[in-house]
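Here are a few exercises to work through with the model open beside you. Try each one yourself before reading the solution.

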Amino acid sequence: MARKKLLLGNWKMNKTPSEAKEFALGCGDMIRFAVDNGIDVGVAPTFVCLQTVVENAPKDLIIAAQNCNEHDHGAYTGEISIPMLKEIGINWVILGHSERRTYNGETSVACNAKIKALLAASMTPVYCCGETLETFEAGETKSFVKKQIEEGFAGLTAEEAKKVVVAYEPIWAIGTGKNATKEIAEDTIASIRSVLKALFGEAAEEIRILYGGSVKPNNIAEYMSEKDIDGALVGGASLALDSYRGLIENLVK
């Protein structure tokens, strides 16, 4: 089956609620254009901006949180639960982004617990994986990412696995201006799909795998031309309406 393209903008720690509202109110035309061309599009604002975006964005814009806790409630200061997100209309969550792995000590095993909790709540996890420059230069990318996939997907059924979106982001290409060539990205993502196939059989063909790492309007089409790359997880280029529109338009080409 053909996998539907997906563009997801990770806003990281950017935009105040008023700035987020301005984006949400201004993105209607481009979201309609994306939908008309069969593309799923979304953004992941900070927690304090989620409700503002939900209330002001077109209904077809996917709105994701940047993290969640696997527990429904409890003494977890600073954390946000899945029921809290669901109540304000959030059904997608990014997990395991390299910045959270680096700065917050998040592990693939911890992400696995969150993935299971999200699936139990009928929500969509976007599970990030990727290697450091040191690992890349040592030629160990595939074995490193294989472990992240196996740990993140541990204990899932094939039906559950199909509901997870994977985002491959080489850490050395995030916010550095460097980007993996489309050939490197395709090679690694094809390898990820083969790992998923070993785990879940033909269900792996239905799992969407995104590329992330210095994706911009002027290079997104290159990545989308590769057969295993199903979309992009974009950081800085998703913050401004003009560049976000450019991403969508060039993804369609």
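**Exercise 1: the cavity**

Which helix supplies the largest share of the lining of the largest cavity?

*Solution.* Keep in mind that you're looking at a predicted model.

- Step 1: Find the space. The structure has one cavity of 30 Å³ or more, and the volume of the largest cavity is about 30 Å³.
- Step 2: List what lines the largest cavity: K142, V145, K146, T188, S191, I192 and V195.
- Step 3: Sort by helix. Both α8 and α10 (182-200) supply at least two residues of this lining, and the largest share, four residues, belongs to α10.
- Step 4: Sort by class. The lining of the largest cavity splits into three nonpolar, two polar and two charged residues.

**Exercise 2: two helices that meet**

Work out how α6 and α8 cross, and which residues meet there.

*Solution.* Two packed helices are described by the angle between their axes and the distance between the axes.

- Step 1: Get those two values. The axes of α6 (residues 108-120) and α8 (residues 141-152) come within 8 Å, crossing at roughly 35 degrees.
- Step 2: Add the hand. The crossing of α6 past α8 is right-handed.
- Step 3: Name the partners. From α6 come S108, V109, N112 and I115, and they meet Q148, E151 and G152 of α8.
- Step 4: Count by class. This contact of α6 with α8 holds two nonpolar, four polar and one charged residues.

**Exercise 3: the pocket**

How many residues line the largest pocket, and which lie nearest its centre?

*Solution.*

- Step 1: Start with the volume: the largest pocket holds about 400 Å³ of space.
- Step 2: Look at the walls. There are 18 lining residues, and K12, M13, Q66, N67 and R100 are the ones nearest the centre of the largest pocket.
- Step 3: Ask who gives the most. That's helix α5 (residues 98-104), with four residues of the lining of the largest pocket.
- Step 4: Check the classes. The lining of the largest pocket has six nonpolar, eight polar and four charged residues.

**Exercise 4: a loop residue**

Is N14 buried, partly exposed or exposed?

*Solution.*

- Step 1: Locate N14: you'll find this residue in the loop between β1 (6-10) and α1 (17-26).
- Step 2: Apply the cut-offs. Buried means under 20% relative accessible area and exposed means over 50%. N14 has 35% relative accessibility, so N14 counts as partly exposed.
- Step 3: Look for contacts. Leaving aside residues up to four places away in sequence, N14 touches T46 and L239.
- Step 4: Compare with M30. N14 and M30 are 16 residues apart in sequence, and their C-alpha atoms are 21 Å apart in space.

Key: Residues are numbered from 1 along each chain as its sequence is written. This is a predicted model: local features need pLDDT of at least 70, side-chain atom pairs count only at pLDDT 80 or more; totals for chains, interfaces and linings use all residues. Side-chain values use heavy atoms; hydrogens and water are left out. Axes are lines fitted to C-alpha atoms, for helices over the stretch in contact, and angles run from 0 to 180 degrees between N-to-C directions. A crossing is left-handed if the near helix is turned anticlockwise from the far one by less than a right angle, and right-handed if clockwise. Contact means heavy atoms within 4.5 Å. Ala, Val, Leu, Ile, Met, Phe, Trp, Tyr, Cys and Pro count as nonpolar, Asp, Glu, Lys and Arg as charged, and the others, Gly among them, as polar. On a 1 Å grid over the protein atoms alone, a cavity is a set of points where a 1.4 Å probe fits but cannot get out, and a pocket is an open set with protein on both sides within 12 Å along at least five of seven lines; lining residues have an atom within 4 Å of a point. Grid points are joined across faces, edges and corners, and a volume is the space filled by probe spheres set on the points. Buried means under 20% relative accessible area, exposed over 50%, partly exposed in between (1.4 Å probe, protein chains only).
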